[in-house]
Structure formats: structure tokens, C-alpha cells
Amino acid sequence: MTGLNRRRRLAAVAVIALAAVTAGACSSSSGDSDGGGGGAYLVWDPYPQFADDSDWVALLKKCGTSAGVTVERTGYDTTDLTNKALLAAQQGNSPDVLIVDNPVISTLAEAGALTTTEENKLDVSSMAPNLLGAGQSGGKTYGVPIGANTLALYYNKDLLTAAGVDPASVTDWTSLTSALTKVKAKGKKGITFSAIGTEEGSFQFLPWFWGSGAQLTSLDSPQAVSALTLWKDWLKQGLAPNSVINNTQTTSWQEFASGNFAFAENGTWQLANAEKLGFSYGTIAIPASAGGPAPAPTGGEFVSIPVQKKTDRYATSQKLVTCLTNADNLLTTDTTLSYVAPVTAVQDRQATENPKLKVWVEAVRAAKGRTGDNLGTKYPKISEPLWTAVQAALSGGKSPQEALTAAQASATSK
Amino acid sequence: MAWGFLAPTVVYLLAFYAYPLYRNVELSLREYTVRSFVQGGAPFAGLDNYRTVLTDPAFWPTLAHTLVFTGASLVFQFTIGMALALFFRQHFPLSGTLRALILVPWLLPLIVSASTWSWLLNSDSGLVNAALGVVGIDPVNWLTSPTWSLTSVIIANVWIGIPFNLVVLYSGLQAIPVEVYEASALDGASGWQRFWSITFPLLRPVSAITLLLGLIYTLKVFDIIWIMTRGGPTGSSATLATWSYRLGFGNMLPEFGPGAAVGNLLIVMALIAGLVYIRSQRRQYQR
């Protein structure tokens, strides 16, 4: 009936337009007030769930104080933040420190909106290379990971016991499918995941895609077809519900929380909710086709320092970022976010403090960045055909082979 | 002095209508990448973005979906709204309360109604499939099959649009003088004759504006479709509005140029509808 979002966006554009007009008048005065040394430093993060009295904001303030500046922090919705950051870069009023979802880094770097570690003197040597990969392109590093999350399989212990399945026996695709069949024979449902037509769908498909041995540079390889066939067969045999085609990761979690599903593919961020489940749960790594843990894609944010007109601000921003990402603060931050730390030593500390995190630490160590392998901004052009192919095959329009052949053609043509 | 009074409106129109529109046209005529969006200097591309959009294999299906979505929504919203307006015209106990209740869909935030519809139509745990199961009909994959997704979003949109049609047509009915009906009753006209010879012709101006407003609203419907199906699966419920959003914002690497081009095509479609309306109005006055 109405176009609420569209209207809001139009309004946003108009406000920016107005701002652009007025900016001409007052640009000379606004820049001078905060010089290189003291003053206010802007931090944008995608954690709107943290209010001003949260530990996260307290940490930001503390880091500001030790760097001799005050920190002004704004929390944005994740999807909103990408557009906000691009517009801010266009208008030349980027924040001093920007914390964004890792695949966005390559887009912002491509836009020339971020400084490299050469320019901002950030030390990234302690970071795990597989996590740092998402923030690197063309041999340059554009940020520091603040924490990582990834996907694994949650399972419902009660259902598996009733069906006579030992979770430890699930080590490859064959054993997983036979476990699902046993659960279905007991009248319960096998597995739920998210195959929605957005980046979330690709994110959830990638562990199976990579676990088959497929590469993002060749979407129509026989391995890739085998991964999509696995999902399609699950739907056909009723081992996974048809609703996965429209599931976000949140709705998929709600299905699992109903207690009717034996397995759910979901992320580290659900750990807090998992404790509230009405049944006992466990986690295993997503198995690869031939056994062993499949590489899952890494999620989680990067801390970056956007390009500023006043380059003398970088030194203070660098102090802020270094403070946020030192070992002790990482441990606190990643515990509150229920993330896995990007530094091996801190990961070990997390696993000893909370044994439940052990599976996740291992999953993160096996994980890969989506924009890694030097794909960078090519990744979004591969990901969209990929999730379209998954949707086409699962909704019955095309066979996995046809869908992926079309995806590869579309990915190479862009 | 007169210009002084005019200035606020003119400034408002320029800042909030003319400039964004100009920017959108400009965006669609240049080849923007993320880099040139931020750094400036996007090369002028003429009609390249329009060519890209028009030759995209998704264009014709999406245009067809837009027309079907708009057409079906309008027909059902209008007929059901008209039927309800006539129904509420005869006063009966609780008619006021019932009419107020029917307005509820209009008052709900779209995110609430769209999410509710997507729960109702869920393939496995939705209420609609459960109800169908009771009468022995196999579950339908409302939102997840390419054959049904467009129908599902149309149903939701019709439901949301009925109150608007009801309210406008109801107030239109109030303006028809009772004497005309009395005279026709004396001449022995049946209810059917009264509707087609009195109500419908006298309601024509109100109907026209209702349909035009409905057309403009429906062409740009975005929220319902995006929340319920994301335009999928595989674009089977995508309209020009959701496609424009997907191009511009739905991917990590935005394609602002083609996105803006699709948006402009939508504006042109609404504009044509508006011009047709104005013309038909003028012809009516001349008669």
C-alpha cells in the first residue's frame, strides 16, 4: 500500500541534499574545532543492542580517556551501516573509527574510504591469518578483526537419543544424511537452515559448498553440484522443511527452538539463546563431504580507520583501535558479543574458560573469509548468482546442474 | 512581498522534490561504481544503465509481475472495498464498530502485517496450510514455490488495501443524494439497477481518484514483498520496486546506476497514469 522504506530513503537523500547545501556555508567552522590532538573522536559500530551504560561503551570511553580524547559513539543496524559509511565517505564526514561487517571492508576499500595499515600504523601481526584475510586485498590490509563468528551444527540431544543417533558418529555427509533419516523415521524433522535469497543464504550454503571441495571461482564444478544436490535431496526426502527457502537465520533458529528439529545450522551468536532452549543441546562442526570439519565462512566485524582530510587524526585513531583490540579487551568484548577472538592465544583462553566454546574455536580456525582468496569485491558478484542458484534448485525450478551452470555464466558476465 | 510568502514552499519543493529527483536522474545517467560514488568523477554513460536494465533477462518477467501485481491488487481491493462500502451503507447494529475493525489493517505498521502474513503462509508451520490440511488439501508452498509466491504477496496486499478503498468509497456514497434513490424506488428499480444506473455513475469521480491513488501506491509497494519473499524465490515475485532496491542496496556491491534507472522507469509509469487521469477528467468537464 505505501512505500515506507522508499519514502524514508528518499527523505534521507533529501536530508543529505540539504546537508550538502548547508555544508558549503559552515564547512570552514566545523573542521577547526577538533584539531589533531584532543577533542571528540567519532566511533560507529553495528552493535545498537548495546546502550550507553553497557560494557562495550564503557570500554570505548576508557580507550578514549587513555588516548587523551573523548569518544562519541553511534550504534547502527548492520545493513544500514554499509550505506551510511559509503554516504559519509562521499560527503567527507566519515567517523574516525568504523567497525563494520567483514565482507564490507573490501567494498569500502574499493571505494577508497579506508586507510591501509601502512598509513595508519596498526599492528596486525598477532591476528590469525584466516580471519585477517577478509580485510586484505591487493596485498594491503584495511582493518583489524575484533572477533569472529562462524557456523556449526546445533543438535537436539533428546531427539538424537530417542532416534538412536550418536552425534559423534556424524562425521561426513553420508553419516549426517543417515542420522537425518533415522530422526525422520521417528516422526521428527531432520535439519533446518537458511537458504533465503540474500547474502545470508550464500553464507549458510558456503560450508557445504567449500566442504565439497568446490571453489568460488567455478560455481558449476561437479563438487559444487554435489553440495547443492545434497540440500535439494534433503528437501525432496522431507529431511529438511520446504520453509528453508524463505528462512532467515533467525527464523531457522526459531524452528530449531520449537524442539521438532534434530539439527540446525546456525552461528556463534545464538549461544546465549541456546542456553534458554527447553531441551539440552550440543554442537558439532559442519562435516565436509569426505569427513572432517568443512571450512565455514567467517562472520564478525573489523575495526577500520576511514580516510580523513586531517591525516594527523590517524595517530589518535590508531591508539583507540590498538586499545580496543589488545588481548584483554578482546577477551571482554568477544565474551559479551559471544564471538571467538581473532588471536590464537586469546582463543585458547576462551576455550579454557568456557569449554562449550571449544567446537566454535575449532570451527573458526578452519573457517575462511568470503572475500579472501583475493576475491575482494568480486565476491558479491559471485555470491548473488550462487544464492539465486540455491533458490532455483530448492524451489524446484531447475536441477542443481542447470542452476549452477546459469550461476557461473552470470558470475563471469558481470 | 508575495514572493516572500511563496519562498518556504518553493525551498521545500526544491530541497525535498526537485533535488532528489534530479539526483536520481543523474545517478541513472552515469556509470557509478562504489569508487566513483565516493570519490566523484563517474563518467557520463548516457542511456547505458537503461540499456543494461532493459536487456537484463529479469526485466520482462519483473515488468509482467509489476503489472499483474498492480492490476490484480487494484481489481480486488476496489471490488471488495466497494462491496463493503455498500454493505456498511445500510445501517445495522454494530455497523460502526465493524467498520472500525476493518480499518485495522490500515493502521498496522507494514512490517507487522507482512510478518504476520509470512507466518500464516509458512509452508510447514503456517496456519493457512494447517487449515487446508483439515479439509484435506495438500499443503501449498505459498512463499517458497515460484508458482505461488506472486499470488501470496497479492493476497496480502489486497488485504492491506481494502480499508483505504472502503473509506474513500464509503464517503463517496454519503455524497449521493438520497432523493435519487427514493425516486428510483418509486419507479420500481431493482437493487441491481439502482447500483448500475445510480451508484456506479455518480461514484465515478471518486472511483477514478481511488483507483489512481491505488495505482500509484501499488506500483511502488516494496515492504510487503521484501518482507514476505525478498522478491523470490528466483525473482518470481519481484516487481520493479523490489528490483530497484535489490540493485541499489541488496548486494554488498551496490549498482546505483541501474537501480536508479529502474526507479525512474517506475516514476514514469506513475506519471503516465496521472496524465491519463487528468486528461479523462478534463474531457468530463468539457462534456
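So, the crossing of α17(A) and α18(A) is right-handed. And before I go on, keep in mind that this is a predicted model. Of the residues where these two helices touch, 12 are nonpolar, 2 are polar and 1 is charged. On the α17(A) side you'll find, among others, A:Lys381, A:Ile382, A:Pro385 and A:Leu386. They come up against α18(A), where the partners include A:Pro400, A:Ala403, A:Leu404 and A:Ser410.

Okay, geometry. α17 runs over residues 379-394 of chain A and α18 over residues 400-413 of chain A, and they pack at an angle of about 160 degrees with their axes 8 Å apart. That's an angle over 145, so α17(A) is roughly antiparallel to α18(A).

Now, α17(A) has another partner I want to show you. Helix α10, residues 222-236 of chain A, packs against α17(A) at an angle of about 35 degrees, with 9 Å between the axes. The crossing of α10(A) and α17(A) is right-handed. Which residues make that contact? From α10(A) we have A:Leu228, A:Trp231, A:Lys232 and A:Leu235, and from α17(A) it's A:Ala389, A:Val390, A:Ala393 and A:Leu394. Split by type, that contact has 7 nonpolar residues, no polar ones and 1 charged. If you're following along on the structure, A:Ala389 and A:Ala393 are also on the list for the α18(A) contact.

Let's go over to the interface. How many residues of chain B are in contact with chain A? We get 39 from chain B, meeting 41 residues of chain A. On the chain B side, α1 (2-29), α2, α9 (149-174), α13 (223-229) and α14 (240-249) each put in at least two residues. By type, that side of chain B comes out as 20 nonpolar, 13 polar and 6 charged.

A bit more on chain B, this time with the record next to the model. An unreviewed UniProt entry has "domain: ABC transmembrane type-1" over residues 63-277 of chain B. In the model that span is 74% helix and 0% strand, and its end C-alpha atoms are 22 Å apart. For "transmembrane region", UniProt, again an unreviewed entry, lists residues 63-88, 100-120, 148-170, 202-228 and 256-278 of chain B. Take two of those. Residues 100-120 of chain B are 86% helix with no strand, and the end C-alpha atoms sit 23 Å apart. Residues 202-228 of chain B are 85% helix, also 0% strand, with 39 Å between the end C-alpha atoms.

Last bit, how much confidence the predictor has in all this. For the complex it gives an ipTM of 0.83 and a pTM of 0.84. Chain B has a mean pLDDT of 89, and 99% of its residues reach 70 or more. Where in chain B is confidence lowest, and where is it highest? The low end is helix α2, residues 34-39 of chain B, with a mean of 82, and the high end is helix α4, residues 59-89 of chain B, at 94. And α2 is one of the helices on the side touching chain A.

For chain A the mean pLDDT is 86, with 91% of residues at 70 or more. The stretch to watch is residues 12-36 of chain A, where the pLDDT is below 50. Beyond near neighbours in sequence, that stretch has 19 contacts in the model.

Methods:
Residues numbered from 1 in each chain as written. Chains lettered and ligands numbered in written order. Predicted model: local features only at pLDDT ≥ 70, side-chain atom pairs only at ≥ 80, totals over all residues. pLDDT = per-residue confidence, 0-100. Helix = DSSP H or I, 4+ residues; strand = E, 2+ residues; numbered from the N terminus. UniProt positions renumbered as here; feature names shortened; annotations may be inferred. Axes fitted to C-alpha atoms, helices over the stretch in contact; angles between N-to-C directions. Parallel < 35°, antiparallel > 145°, perpendicular 65-115°, else oblique. Left-handed = near helix turned anticlockwise from the far one by under 90°. Contact = placed C-beta atoms within 7 Å. Nonpolar A, V, L, I, M, F, W, Y, C, P; charged D, E, K, R; others polar.
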